[in-house]
Amino acid sequence: MVGYFLPHHHNFMKKTILFIAFSIFFLACREKEIEYELPFEGEKLVVIGILNPDEPINVKVTHTWTPTGIIPKNTFVDNATVNVLEDGKLKEQLVLEKEGNYISIKGLKPLLGHKYLVEVFSSKYSKVISEQVQIPENKAKFTFQQIADIDYKYNRDTPKDQINVTLEDDLSKRSYYAISFNLYGDKSSNGNLYNRGSVFYLNDDGKVASNKECSFNQTIYKDKNTISENVRVLANQCFTNSKNTFSFIVEKAYYNGFQNNKTIYKKVENPTLNIYQFDKGYFEYLKLKDQPDGLFERAFTEPHTTYTNIKGGYGIIGAVTKKSELLNMTCKICQ
Amino acid sequence: MKNILFLLLISTSSFAQKITLSGYVKDSKTGEKLLGANIYNETTKRGTTTNNYGFFSIETPEGNAKIKISFVGYAPQTIEKNFQNSQTFNIELNLNGLLQEVVVQGKSEKDQPIGKMSIPIETLKNLPSLMGEADVIRALSFTPGISTGQEGTTGLYVRGGSPDQNLILLDEAPIYNAAHFGGFFSVFNPNALKSMDVYKSGFPARFGGRLSSVLDITMKDGNNKEFEGEATLGIMGSNLTLQGPLVKNKASFIVSARYSNLGLLSGLVRAESKADVSGQRTSYSFYDINAKLNYQITDKTQVFLSVFNGYDIVKARIFDTNYDNNTDAGWGNTTGTFRLSHIISPKVFAKVALIYSKFENSQATDNYRIDNGIKTNFLNYQSISNVEDLTGKIRFDIFPTSNITMLAGIDFIKHNFQPTSLKTQLPISADSLKKFNVKTDATEIGIYLENDIHLSSKLLLNIGARYANYQVENQTYNSFEPRLGLNYDLGKDWTLKFGQSTMRQFVHLLSNNGVGLPNDIWLPATTKVPPQFSNQTALGIYKKIPELGLEVSVEAYNKTMLNLIDYPEGSNFLATTDKTWDEQVEKNGRGRAYGLEFYLAKNTGKLTGWIAYTLSKTERTFENINNGNWYPSRYDRPHNLSIVGMYKLSSKWSVNATWIYQTGHAVTLPDAAMSDISYNPTLIYSGRNNQRMPNSHRLDIGFSRKTINKRGWEKTLNLGLYNAYNQANPYALDVVTKVVPTDLSNRRLAVKQYSLFPVLPSISYSVRF
């Protein structure tokens, strides 16, 4: 199980109303699939790259496709010129690794506090250029407190610790943070690595927690087939103090079968607390990434205007820094 | 302001050597007061109309006078007499069976404010209807400048305004939700109604509190001469109306009840297993009850009490061997009006009213786990949203001369809003619950003065102003709303009209995007969310061609709106958040709407009806929506064409048809698709309401057979065909991913359209006894 859980009655209310709507809608409803051609302005480049000082720069280049019609199996753009500019000067031209993925052969890593932009040319498409993004100074100050073997109302039998993370911020300028926990087991059969232990974010009724502009959950990916993380994203614009504490209930073990009428739990491997700092663009991108899905969600929620900081195309060049702390978690009942 | 004072001085100056004739105009058979009847003094060449209470007052010099009284559908009457003193008397008009005018403009068009329409209830009862249920709101959608959104949605959209911007009054009580589920039927039972006036612009100062329209509906008083009844049986359900005298010619009653049960249709969605141990069940029904008591205490004093209650009820259940979910939802209005009217003098009519109105919607859920046959409740909650008003009104109609009519009054409204309330056993913190159980009280005071002044035989000036004071949360909003109307008789039955209105609205509505669900939340203007404001200017020209029975009009309008609210992008009231509503909504939105309305009506002859065409545009802008750029309002429908025709085939049979065509409404649809940062296909949206649904059009046909038996009972058989050529009009669009049948390894994106009603035959039978 992945994810944070925010206990709230609205989820139930929503389900109820959706159920009523669904039932009555079908009293009289008939559906008709019409092959409209929604207007399509032509293919544009999609550029995605998350710049992290710990890793060589890599940028993925694909293209858009028509909103109605066959979904192309391959949207990679393999003939692009991808330039990285550092503080306004060309730093390196990336080279194609495979499947639209462009990498730095010099192993170029972005530097803290420096500004980067990416421009992409391809013969078939219009040139696109990203907004300039600054790698956040990795100055996130945080402490954490761990309360072992806490009893919590959900998944009661699974061993859990409470982790209180205190972030210090001088509030002098806008900052964007994310907190996540690596609670991995071994790699699943399909090779994906994902959190096996659940994380419950304790809603503290504070201004930060309650304001969707400042606090939300999102999944981020390092790579399609390796690691996904569920992060709690926070913006300091809702911080009321220079020190803000965010509390999490963290499962330190996961279900690993059932034997002799007993559930077998396995300890997560190398549990880690991660504190990220994002630039504003990446924060906005993650905030607006999820669109309403399906007829009834769309009926209740207007889609977002898609966020991008790629002029002439779509996608995101984001910047992120990360600090990690290995957590010492003991599990008495784990095998 | 100086001009207003000047006009008041004119209006209150002395006019000697004249006497005043006043009284009520009534139906001779039922005693029903006739609103908007014409009284024309042929001696002085001046006329007036009865007010909303059927009262008139007209001056004439002492001596012989010839007074002509007329009203649509009634035989005109002329009183020629030597009048020596001021007199108060009642005039009774006889229904004229020969005169079958079907007019939307009920009374003298020359004197109507711009943007006002009166639709006789009998006319709308003759229009084709969905499942045989005549409907006020549906009939309005065939008139220029008004639409009801798409099928299956609630609310009226008047000249680019949103549904909350319509002041809907039933016997002066505000109706907050005028539609039963999905907008298929309005809450107004036509058998209980006497008249309906609609104002789209040129609002008289007596109306306030909404930006876009006023729908002023009056219930019947009840027959005070003899007992009568009407019973209707249709596909939708049953309708029974009884009325009669309690004390002949003095006191009357009317009770009208309507019940509808869609249980038959709801059987279609049952999906139970053979063993009946799992499945889902849904039932839906609604009812309306109207009742009114009238008592004429003296010739000059009358009281009435009218009440209305209408409710929708939905019950839903999902169950299997381990789980049982029961959900009840309901929503509806309750109103009550007590009114006392008194003729203080032939020149002064007074009214005092006490009015109660409540709209409520609620959902309740009980969820059970079933272990070894034992049911355990593990989740329950009850959520209620309501708005409750208590209103006091005092109004004086003053008729200083035949040239001037003055209205002055005070309205006092105490609002109580409870946008959300929650009772539950869920593990929700006390602080969160507190935020969901916020009640807000507000008081609204409106003081108005309105003058109808015939400046000359050709020029009528309606000038007035309304001052409103609104107090909420230690915040006071003051509003001065000038109103101006000008009607100029160009001669040869041409009239030019102008209207300018400033309006302020102290309530807001948060609603979903038109799905027609019972989740309307009415909210007060607060410290954080200021009241809505609008300014509308309208200009129109009108022509009557009596010899052909034709009326033509063209009206143009321009409306600006401020302080609108909307949901933030990607969010709505169901979103998971602990913020209060006024922290969540997008505020300070602006709106603009402009358009041209064409209207051509044929009111006499075997073939009657009208054609209405509206060309319009309406847009919105909010700082945090659509990157702050203007975008089309959801119900921006540039072209709207309605054709209504009624043809009398014989003395018994008549046929009627309506055809409506509308541009598809604006909708947010993807412009492209891409692989996102998570490597998933995702849709790209470039802006709010960036595209349009397909255009919609529909033909409805109805046949009616009326007979009268020996006992004088009128029997009517109505046969109807809704959506006669089975057009699949869009209700909702969804973008879905499908497997390509010819190549299973491929998927495609497609647009799926949902439509509601196919061709629907209907039948209803009514007896009037």
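Strand 12, strand 15, strand 22 (348-371), strand 23 (374-401), strand 24 (404-424) and strand 25 (440-454) of chain B each contribute at least two residues to the lining of the second largest cavity. The model is a predicted one, and the structure holds 16 cavities of 30 Å³ or more. The points below cover that cavity, the nonpolar cores, chain A and two residues of chain B.

**Second largest cavity**

- The second largest cavity encloses about 400 Å³ of space.
- Its lining is made up of 29 residues, and those closest to the centre are Leu167(B), Leu169(B), Glu172(B), Phe207(B) and Lys393(B).
- Strand 23 of chain B gives the most to this lining, with four residues.
- By residue class, the lining of the second largest cavity splits into 13 charged, ten nonpolar and six polar residues.

**Nonpolar cores**

- The largest nonpolar core has 34 residues, of which Leu140(B), Phe188(B), Met196(B), Leu215(B) and Trp610(B) touch the most other members.
- At least two residues of this core come from each of the following elements of chain B: helix 2 (121-126), helix 3 (136-140), strand 12 (166-170), strand 14 (193-199), strand 15 (213-219), strand 33 (586-602), strand 34 (607-621) and strand 36 (639-648).
- Helix 3 of chain B supplies the most to this core, namely four residues.
- With neighbours within four places in sequence left aside, Leu140(B) is in contact with Met117(B), Ile119(B), Ile146(B), Leu156(B), Met196(B), Val198(B) and Leu215(B).
- A second core, separate from the largest, has 24 residues, including Ile48(A), Val231(A), Tyr285(A) and Tyr314(A).

**Chain A**

- Chain A has 335 residues, and 55% of them count as buried.
- Its secondary structure consists of four helices and 22 strands.
- Where contacts in chain A join residues at least 6 apart in sequence, 67% of those contacts are between residues at least 24 apart.
- The exposed area of chain A is about 15200 Å², with 47% of it supplied by carbon and sulfur atoms.
- Helix 3 (residues 280-287) of chain A is mostly covered, as seven of its eight residues are buried.
- The buried residues in helix 3 of chain A are Gly281(A), Tyr282(A), Phe283(A), Glu284(A), Tyr285(A), Leu286(A) and Lys287(A); one of them, Tyr285(A), is also included in the second core.

**His454(B)**

- His454(B) lies in strand 25 of chain B, a strand that supplies at least two residues of the lining of the second largest cavity.
- His454(B) counts as buried because its relative accessibility is 18%, where the cut-off is under 20%.
- Not counting residues up to four places away in sequence, His454(B) touches Arg46(B), Asp111(B), Ser402(B), Asn403(B), Leu459(B) and Leu460(B).
- Leu486(B) is 32 residues from His454(B) along the chain, and their C-alpha atoms are separated by 9.9 Å.

**Leu733(B)**

- Leu733(B) is placed in strand 44 (residues 732-740) of chain B.
- With a relative accessibility of 5%, Leu733(B) also counts as buried.
- Between Leu733(B) and Leu600(B) the separation is 133 residues in sequence and 34 Å in space, C-alpha to C-alpha.

How values were computed: Residues numbered from 1 in each chain as written. Chains lettered and ligands numbered in written order. Predicted model: local features only at pLDDT ≥ 70, side-chain atom pairs only at ≥ 80, totals over all residues. Heavy atoms only, no water. Core = buried A, V, L, I, M, F, W, Y, C linked by side-chain atoms within 4.5 Å. Buried < 20%, exposed > 50% of the residue type's maximum accessible area, 1.4 Å probe, protein only. Contact = heavy atoms within 4.5 Å. Areas by Shrake-Rupley, 256 points an atom, 1.4 Å probe, with all protein chains shown as cover. 1 Å grid on protein atoms, 1.4 Å probe; cavity = no way out; pocket = protein on both sides within 12 Å on 5 of 7 lines; lining within 4 Å. Points joined across faces, edges and corners; volume = space filled by probe spheres on them. Nonpolar A, V, L, I, M, F, W, Y, C, P; charged D, E, K, R; others polar.
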